[in-house]
Amino acid sequence: MYARTIENPESGEEQLLTFGVSGKLIRNVLVMYDRETDSYWGQLLGEALEGPLEGTQLTPLAAAQTTWSEWKQQYPETQALATFGAGKYDSYEGYYRSSTAGVLGETLKDDRLPTKELVTGIVLDGQPAAYPHSRLSEERAVNDLVNDIPVTAWFDPQTATARLYERTVITEGEGEQTLTFKATGEKLEFVDDETGSTWLLLNGKAISGPLAGATLTAIPSTASFWFGWKDWYPETQLYGVEEG
């Protein structure tokens with residue numbers, strides 16, 4: 001997910017863009033276009049690849065991919081786009097089960113994970129990192145470093161919901177603290193070792209304990225098949241898998 005407002009490189013003024021699907025693919029990733037300049041944008045990069053805005057980067061936003069029931073439970077006032085029957089069946093079920101790498105095949109070979117292993121990927125200060133859902137399902141709470149930035153990845157196996165946050169918080173009286181997290185018995189709750197505070201998966205907010213009311217900084221992330229992520233980010237740091 002990205003913010004649609006950019007600074008136009010020619011005028012220096014703020015510009016609001018509206019996007020459509022071009023029907024093109026690059027390395028199995030959708031190519032979008034903006035209606036204002038007809039520039040082409042890479043879905044995974046959020047960057048204009050061709051046209052008047054070439055090289056312009058959209059600002060990524062932290063979002064959650066989860067089930068409607070889980071989201072609605074936490075945010076009951078949410079407005080939703082009517083999909084008119086979506087969700088009754090999935091026309092891609094056969095594709096998920098097959099071993100094929102998209103329409104165009106793999107650009108790069110990387111056997112550290114199966115081709116269609118689901119990962120959640122981030123990019124911090126230019127360093128890409130990916131978290132396999134198979135490992136996240138086992139551990140549920142991961143504590144990691146990406147470019148020396150402490151991060152945590154939280155996961156709910158039932159809904160395949162992954163959220164990533166910076167582990168460092170600044171609180172009144174305590175100053176800056178780097179926390180270490182683990183999962184609790186509640187599927188959407190996590191606790192830090194340092195203070196015993198309890199935090200919610202979807203918004204990174206502490207709901208009880210000494211840090212109640214504090215909120216972790218969310219990291220924009222993307223859920224992707226492994227073959228799609230590593231083709232765009234071949235230098236990705238891969239959690240829990242030895243370099244091969």
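This is a short dialogue on reading a predicted model.

Biologist: Before we start, what kind of model is this?

Modeller: It is a predicted model, where local features need pLDDT of at least 70, side-chain atom pairs count only at pLDDT 80 or more, and totals for chains, interfaces and linings use all residues. Residues are numbered from 1 along each chain as its sequence is written, and side-chain values use heavy atoms, leaving out hydrogens and water.

Biologist: What is the mean pLDDT of the protein chain?

Modeller: pLDDT is the predictor's confidence in each residue, from 0 to 100. Here the chain has a mean of 89, with 89% of its residues at 70 or more. Among its elements, strand β9 (residues 141–146) has the highest mean, 97, and helix α2 (residues 93–97) the lowest, 67. Where pLDDT is low, the predicted coordinates should not be read in detail.

Biologist: And how are helices and strands assigned?

Modeller: They are DSSP runs, numbered from the N terminus: helices are H or I, at least four residues, and strands are E, at least two. Ala183, for example, lies in strand β14 (residues 181–183).

Biologist: Is Thr56 buried or exposed?

Modeller: Buried means under 20% relative accessible area, exposed over 50%, and partly exposed in between (1.4 Å probe, protein chains only). Thr56 counts as buried because its relative accessibility is 11%. Ala183, at 28%, counts as partly exposed.

Biologist: Which residues does Thr56 touch?

Modeller: Contact means heavy atoms within 4.5 Å. Not counting residues up to four places away in sequence, Thr56 touches Ile6, Pro9, Trp41, Gly46, Glu47 and Ala48. Thr56 itself sits in the loop between β6 (47–50) and α1 (68–74).
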